[in-house]
Amino acid sequence: QVQLLESGGGSVQAGGSLRLSCAASGGTYDMNAMGWFRQAPGKEREFVAAINWSGHSTYYTDSVNGRFTVSRDNSKNTVYLQMISLKPEDTAIYYCAASRTGQAIGDIIQAPPANLNWGLGTQVTVST
């Protein structure tokens, strides 16, 4: 089974930036939609951003739109999440997800969690 491994998390002050990476190993997701989700302490996991298989279509939740940018490099089997102007409310574990069969961003946004392959997550902490 193809595995996803996130990296790039850490602790930053409000207003700072981080770049998360999600690398696929044991296979490729270059024909699959991928996305980022996050889970803050005491809260349910929520959608953050999605990107279609080619990288030409992206979608963001309102709270990060304009601050986060999702991109992918299919030659490296890697998806990125560039985060700027970070806020304390962005503090969460960030998870990478890949659609098992779909290519469109809807295959991330509307898919039941069991229909996605998940990474183990990377912690992002934003302090005031």
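**Entry 1: the cores**

I began with the largest nonpolar core, which has 28 residues, and found that Met34, Trp36, Leu81, Met83 and Tyr94 are the ones that touch the most other members. I then looked up which elements give two or more residues to this core, and they are strands S3 (18-25), S4 (34-39), S5 (46-51), S7 (68-73), S8 (78-83), S9 (92-99) and S11 (122-127). There is also a second, separate core of 9 residues, and I noted Ala33, Ala50, Ala97 and Ile108 among its members. I keep in mind throughout that this is a predicted model.

**Entry 2: Tyr94**

Which residues does Tyr94 touch, once those up to four places away in sequence are not counted? I listed Glu6, Leu20, Trp36, Phe37, Arg38, Val48, Phe68, Leu81, Met83, Gly121, Thr122 and Val124. Trp36, Leu81 and Met83 from this list also stand with Tyr94 among the residues that touch the most other members of the largest core.

**Entry 3: the whole protein**

I counted the secondary structure next, and the protein comes to 1 helix and 11 strands, which follow the pattern β-β-β-β-β-β-β-β-β-α-β-β when read along the sequence. The radius of gyration is 13 Å, close to the 14 Å that the globule rule gives for 128 residues, so the protein is as compact as a globular protein of that length. Taken along the principal axes, the C-alpha atoms fill a box of roughly 40 × 25 × 25 Å. Of the 128 residues, 44% count as buried, and among contacts between residues at least 6 apart in sequence, 60% join residues at least 24 apart.

**Entry 4: the cavity**

I looked for empty space inside the model and found 1 cavity of 30 Å³ or more, with a volume of about 40 Å³. The residues that line this cavity are Ala24, Tyr29, Asp30, Met34, Arg72, Asn74, Asn77, Thr78 and Val79, and I sorted them into 4 nonpolar, 3 polar and 2 charged. Met34 appears here in the lining, and I had already met Met34 in the largest core.

**Entry 5: Ala23**

Is Ala23 buried, partly exposed or exposed? Ala23 has its place in strand S3, and it counts as partly exposed because its relative accessibility is 32%. Leaving aside neighbours within four places in sequence, I found Ala23 in contact with Gln3, Leu4, Leu5, Asn77 and Thr78; of these, Asn77 and Thr78 also line the cavity. I also checked Ser75, which is 52 residues from Ala23 along the chain, and the C-alpha atoms of the two are separated by 11 Å.

Terms used:
Residues are numbered from 1 along each chain as its sequence is written. This is a predicted model: local features need pLDDT of at least 70, side-chain atom pairs count only at pLDDT 80 or more; totals for chains, interfaces and linings use all residues. Side-chain values use heavy atoms; hydrogens and water are left out. A nonpolar core is a set of buried Ala, Val, Leu, Ile, Met, Phe, Trp, Tyr and Cys residues joined through side-chain atoms within 4.5 Å. Buried means under 20% relative accessible area, exposed over 50%, partly exposed in between (1.4 Å probe, protein chains only). Helices (H or I, at least four residues) and strands (E, at least two) are DSSP runs, numbered from the N terminus. Contact means heavy atoms within 4.5 Å. On a 1 Å grid over the protein atoms alone, a cavity is a set of points where a 1.4 Å probe fits but cannot get out, and a pocket is an open set with protein on both sides within 12 Å along at least five of seven lines; lining residues have an atom within 4 Å of a point. Grid points are joined across faces, edges and corners, and a volume is the space filled by probe spheres set on the points. Ala, Val, Leu, Ile, Met, Phe, Trp, Tyr, Cys and Pro count as nonpolar, Asp, Glu, Lys and Arg as charged, and the others, Gly among them, as polar. The radius of gyration is taken over C-alpha atoms; the globule rule is 2.2 Å times the number of residues to the power 0.38.
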